[in-house]
Amino acid sequence: MADTLWQRCLTHIEARLPEKDINLWLRPLEADFTDEGLDLMAPNEVVRDQVERELRTPIANALNDLGAVPKRIRVLVGGGQKPRATESEPAAAPPTSRHNLDSRYTFESFVQGKSNQIARAAAEQAANPDNMAYNPLLIYGGVGLGKTHLMQSVGNRLLDTNPRAKVAYVRSEHFVNEMITAIRHNRMDRFKAHYRSLDALLIDDIQFFANKDRSQEEFFHTFNSLLESNQRIVITCDRFPKEVEGLEDRLKSRFSWGLSVAVEPPELETRVAIMLSKADYHGITLPQEVAFFIAKRVRSNVRDLEGALHRLKASAQITGTPITVDFAKQALHDMLAVYDRLVTLENIQRTVAEYYKMRLADLLGKKRTRSVARPRQIAMALAKELTNHSLPEIGQGFGGRDHTTVLHACRKVKELRETDARMEEDYANLSRILTS
Ligand SMILES: Nc1ncnc2c1ncn2[C@@H]1O[C@H](COP(=O)(O)OP(=O)(O)OP(=O)(O)O)[C@@H](O)[C@H]1O
C-alpha cells in the first residue's frame with residue numbers, strides 16, 4: 001500500500017487529536033509536497049481558516065516528528081487541480097532548516113497598545129542581530145496575549161534580515177518529546193548538536209519544563225552553550241518564572257540574565273484595533289461598532305477575540321447575513337453570556353469597596369469626601385467600561401444618581417489615569433481582578 005507522507009502524518013496526529021477534528025478538518029485536505037514546502041488544499045474557506053488557526057501547529061509537529069520538515073506550510077482553498085504526483089517525501093530537507101515559523105506573526109501584524117508596548121519594543125530590539133544587550137529575552141504573561149506572536153516576530157524579522165540564519169521555534173513540550181525520542185533511539189548527540197548549531201532559539205511556554213528534571217538539565221546546557229557563543233534566545237512563560245514551581249533555581253536565574261518583559265491584557269481601544277486588523281486580514285467586513293460591542297465584553301484574552309471573529313464569519317457565511325451588532329448578539333450569544341455573567345454592577349461595587357477597604361454603603365451613599373468620592377468615580381468608570389449598562393442605568397445602580405454624574409466620573413477618571421500613576425495602577429488592578 002502506498003504509504004504517503006501525508007497519510008503517515010494523519011496517523012500520527014490521530015493519536016493526539018479527537019477523531020471528530022480529524023474527520024471534519026483534516027481528511028478533506030489534499031496534500032501537495034513540493035520543493036518549496038507543503039501545500040494543503042482545503043475545500044472551502046471555513047476549513048482553511050480552521051486549519052490555519054488550530055491545526056497548523058499539530059501538522060508541523062507531526063511532520064517534525066516524522067523527520068520531514070517542509071520549508072513552509074500553506075493552507076489554500078482549492079483542490080483537485082494540483083498534480084498528486086508531487087506528493088512525495090521532502091527527504092532532502094536538511095534538519096537545520098527548521099523555519100517552522102508562522103509567517104503571519106510579524107511586528108507589522110502585531111497591534112501595539114499600552115499593555116504590550118514595552119514587550120514589543122524589547123522584541124524589536126531582540127530582532128536586531130547587532131544588539132545582544134537583551135539576551136535572553138523573556139516574555140511572560142497570561143494566556144492568549146500575544147507572547148508567541150511577538151516571539152515569532154523576532155524569528156521572522158531575523159530571517160528577513162538574514163535568510164540563511166538558523167532559527168528554530170520550539171514549544172517546550174516539543175523539546176521534551178524530541179529529547180525523549182532522541183534518548184530512546186540513542187540520538188542524543190544529534191539532538192544536542194542540532195540545538196547548539198542554531199543562531200536563534202525561540203522556546204515557547206517554558207513553564208512546561210516544571211518537574212521535568214532531565215529536560216531541564218539538557219535545556220540548561222543548551223541554553224548556556226547558546227548564550228556563551230552569543231546566539232539569540234527568546235523564551236516565553238505564562239507567569240514570571242520565579243513563580244513557577246518545579247523549575248530549578250539555576251534555570252530561573254539564567255532566565256533573568258537578560259531582559260524580562262510582561263504582556264498585560266490589552267485595553268479596550270487596543271482590543272478593538274486588534275479585531276479590526278484581524279477582520280481586515282481575513283477579509284471580513286466588520287463595522288467598528290460591532291468590534292466595540294465584542295471587545296467590550298471579551299476582555300482578557302486575544303485568542304477569544306479571534307475566536308469570536310471566526311464564529312461571526314462562519315455564521316455570516318452560512319446565513320448570508322451582514323455582520324451587525326444584533327447579528328453578533330445572536331451569533332455569539334452563549335460566548336458573550338459567559339463574559340457578561342462575570343462583571344455586574346454589584347460585583348464591581350463590592351470589588352472596589354474591598355480594594356479601598358471601605359463600606360459598600362459609603363460607596364453607594366451620599367458622602368462626598370474625596371476618600372469616598374474617588375473610589376465611587378472609579379467604580380462608575382469601571383461599570384461604563386466593563387458592562388453594557390447605559391449611563392442612566394449606572395447612575396441608578398449607584399444610589400439613584402443622575403447620568404451626568406456618571407459622565408463626569410468617567411471623564412475625571414480618564415484624566416486622572418493619564419496624570420496620576422497611582423490612579424492608573426489602581427484602575428488596572430481593579431480591571432484585572434474583575435475580568436480574570
Ligand atoms: N497585540 C496583538 N496584535 C495582533 N494579534 C494579537 C495581539 N495579541 C495577541 N494576538 C493574537 O492572539 C492570538 C493568540 O496569541 P499568542 O498565541 O501569541 O498568545 P500567547 O500569549 O502565546 O498564548 P499562550 O500562552 O496560550 O501560548 C494569536 O493569533 C495572535 O496573533
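I started with A31, which stands opposite L40 of β2. The two strands involved, β1 (residues 30–34) and β2, run antiparallel and are joined by five bridges. I noted the rule for pairing: DSSP has to find at least two bridges between two strands. Strands themselves are DSSP runs of E with at least two residues, helices are runs of H or I with at least four, and both are numbered from the N terminus.

Before going on, I reminded myself that this is a predicted model, where local features need pLDDT of at least 70, side-chain atom pairs count only at pLDDT 80 or more, and totals for chains, interfaces and linings use all residues. Residue numbers run from 1 along each chain as its sequence is written.

Next I looked at the turn: β1 and β2 make a hairpin, with two residues between them. Then I checked the other partner of L40, and found V75 in β3 opposite L40. Here β2 and β3 (residues 73–77) pair in the parallel sense, over five bridges.

Is β2 (residues 37–42) enclosed or open? Five of its six residues are buried, so the rest of the structure largely encloses β2. Buried here means 20 or more other C-beta atoms within 10 Å of a residue's own, exposed means 12 or fewer, partly exposed is in between, and the C-beta atoms are placed from the backbone.

On to the ligand. I looked up the UniProt annotation "binding site" (unreviewed entry), and that record covers G144, G146, K147 and T148. I kept in mind that such annotations may be inferred rather than shown by experiment; their positions use the numbering here, and feature names are shortened.

K147 sits in helix α5 (residues 147–161). K147 counts as buried because 27 other C-beta atoms lie within 10 Å. Leaving out residues up to four places away in sequence, K147 touches I139, G141, T236 and V263; contact means C-beta atoms, placed from the backbone, within 7 Å.

T148 is in α5 too. With 19 C-beta neighbours inside 10 Å, T148 is partly exposed. By the same sequence cut-off of four places, T148 touches Y105, D204 and T236.

Which residues come nearest to the ligand? Of the 16 around it, they are G146, K147, T148, H149 and V302; a residue is near if its C-beta atom, placed from the backbone, lies within 6 Å. Both α5 and α12 (302–319) supply at least two residues each to this shell.

Last, I asked where the ligand shell lies. Domain 2 (117–263) and domain 3 (268–342) both give residues to the shell, so it lies between them. Those domain bounds come from an automatic or database assignment.

Notes. Contact = placed C-beta atoms within 7 Å.
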